[in-house]
Amino acid sequence: MPSFDTVCEPNLVEVKNAVESTAKEIGTRFDFKGTSAAIDIKDKEITLFGDADFQLQQVEDILRNKMTKRNVDVRFLDLGKVEKIGGDKVKQVLKVRNGIESELAKKIQKLIKDSKMKVQASIQGDSVRVTGAKRDDLQAAMALIKKDVTDVPLSFNNFRD
């Protein structure tokens with residue numbers, strides 16, 4: 001039975017490279033000299049540091065540009081709240097999305113069910129597996145998912161015939 005998996009997986013190596021090149025640019029830029037502007041990555045969390053909200057916004061812009069140059073979709077970033085830390089410094093934690101949340105998985109499953117296509121969707125952990133009798137039906141399901149789910153960067157893998 002032909003099938004494919006709908007997943008939300010960033011290229012973590014490229015994300016790490018983008019963070020490192022952002023840190024390098026922060027170290028060399030004139031407007032960041034003598035400030036506490038910095039960026040750090042641990043597992044799937046990127047932490048931005050700065051003296052003010054404006055500086056955090058600048059660091060985030062640099063990061064977005066670096067990720068775009070490395071072909072990493074910026075929709076993988078989940079922005080956290082700006083927190084005050086010692087003195088007049090601030091930090092912000094960005095989470096890198098990995099896997100489809102259960103609400104989105106249910107939305108995709110309902111979308112496919114309501115489309116009246118001859119395919120079935122089942123939630124498999126942090127991915128959604130779509131199976132059908134014909135390859136054309138699966139390709140139509142892919143097009144439907146791409147068209148209707150735009151807030152998360154979804155990709156399709158494990159296509160089996």
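**Notebook: helix packing and an aromatic cluster**

I began with two helices and noted that helix 3 and helix 4 are oblique to each other, because their angle falls outside the ranges for roughly parallel, roughly antiparallel and roughly perpendicular. I record here that the model is a predicted one.

**Entry 1. Helix 3 and helix 4**

I looked up the limits of both elements: helix 3 covers residues 102–114 and helix 4 covers residues 135–148. Their packing angle is about 125°, and their axes lie 11 Å apart. I chose these two values because a pair of packed helices is described by the angle between the axes and the distance between them.

I then asked which residues of helix 3 meet helix 4. From helix 3 I listed K107, I108, L111 and I112; their partners in helix 4 are L144, I145 and D148. By class, the residues of this contact comprise 5 nonpolar and 2 charged, with no polar ones. I also noted the handedness: the crossing of helix 3 past helix 4 is right-handed.

**Entry 2. Aromatic pairs**

I next looked up aromatic pairs and found 2 in the structure. For F4 and F156, the ring centres are 5.4 Å apart and the planes stand at 85°; the pair is therefore edge-to-face, as planes over 60 degrees apart are counted. I located F4 in strand 1 (residues 3–7) and F156 in strand 8 (residues 155–160), so this pair ties together parts 152 residues apart in sequence.

Is F4 buried or exposed? I entered F4 as buried, because its relative accessibility is 0%.

For the pair of F4 and F159, I noted ring centres 6.3 Å apart and planes at 10°, so these rings are stacked. With F4 in strand 1 and F159 in strand 8, the pair ties together parts that are 155 residues apart in sequence. F159 has a relative accessible area of 33%, and I therefore entered it as partly exposed. I recorded F4, F156 and F159 as one aromatic cluster.

**Entry 3. R160**

I turned to R160, which also has its place in strand 8. Its relative accessible area is 47%, so I classed R160 as partly exposed, given that exposed requires over 50%.

What does R160 contact once its neighbours within four places in sequence are left aside? I found P2 and S3. I also looked up the separation of R160 from I46: these residues are 114 apart along the chain, and their C-alpha atoms are separated by 35 Å.

Conventions:
Residues numbered from 1 in each chain as written. Predicted model: local features only at pLDDT ≥ 70, side-chain atom pairs only at ≥ 80, totals over all residues. Heavy atoms only, no water. Axes fitted to C-alpha atoms, helices over the stretch in contact; angles between N-to-C directions. Helix = DSSP H or I, 4+ residues; strand = E, 2+ residues; numbered from the N terminus. Parallel < 35°, antiparallel > 145°, perpendicular 65-115°, else oblique. Left-handed = near helix turned anticlockwise from the far one by under 90°. Contact = heavy atoms within 4.5 Å. Nonpolar A, V, L, I, M, F, W, Y, C, P; charged D, E, K, R; others polar. Phe/Tyr/Trp six-rings, centres within 6.5 Å; stacked < 30°, edge-to-face > 60°. Buried < 20%, exposed > 50% of the residue type's maximum accessible area, 1.4 Å probe, protein only.
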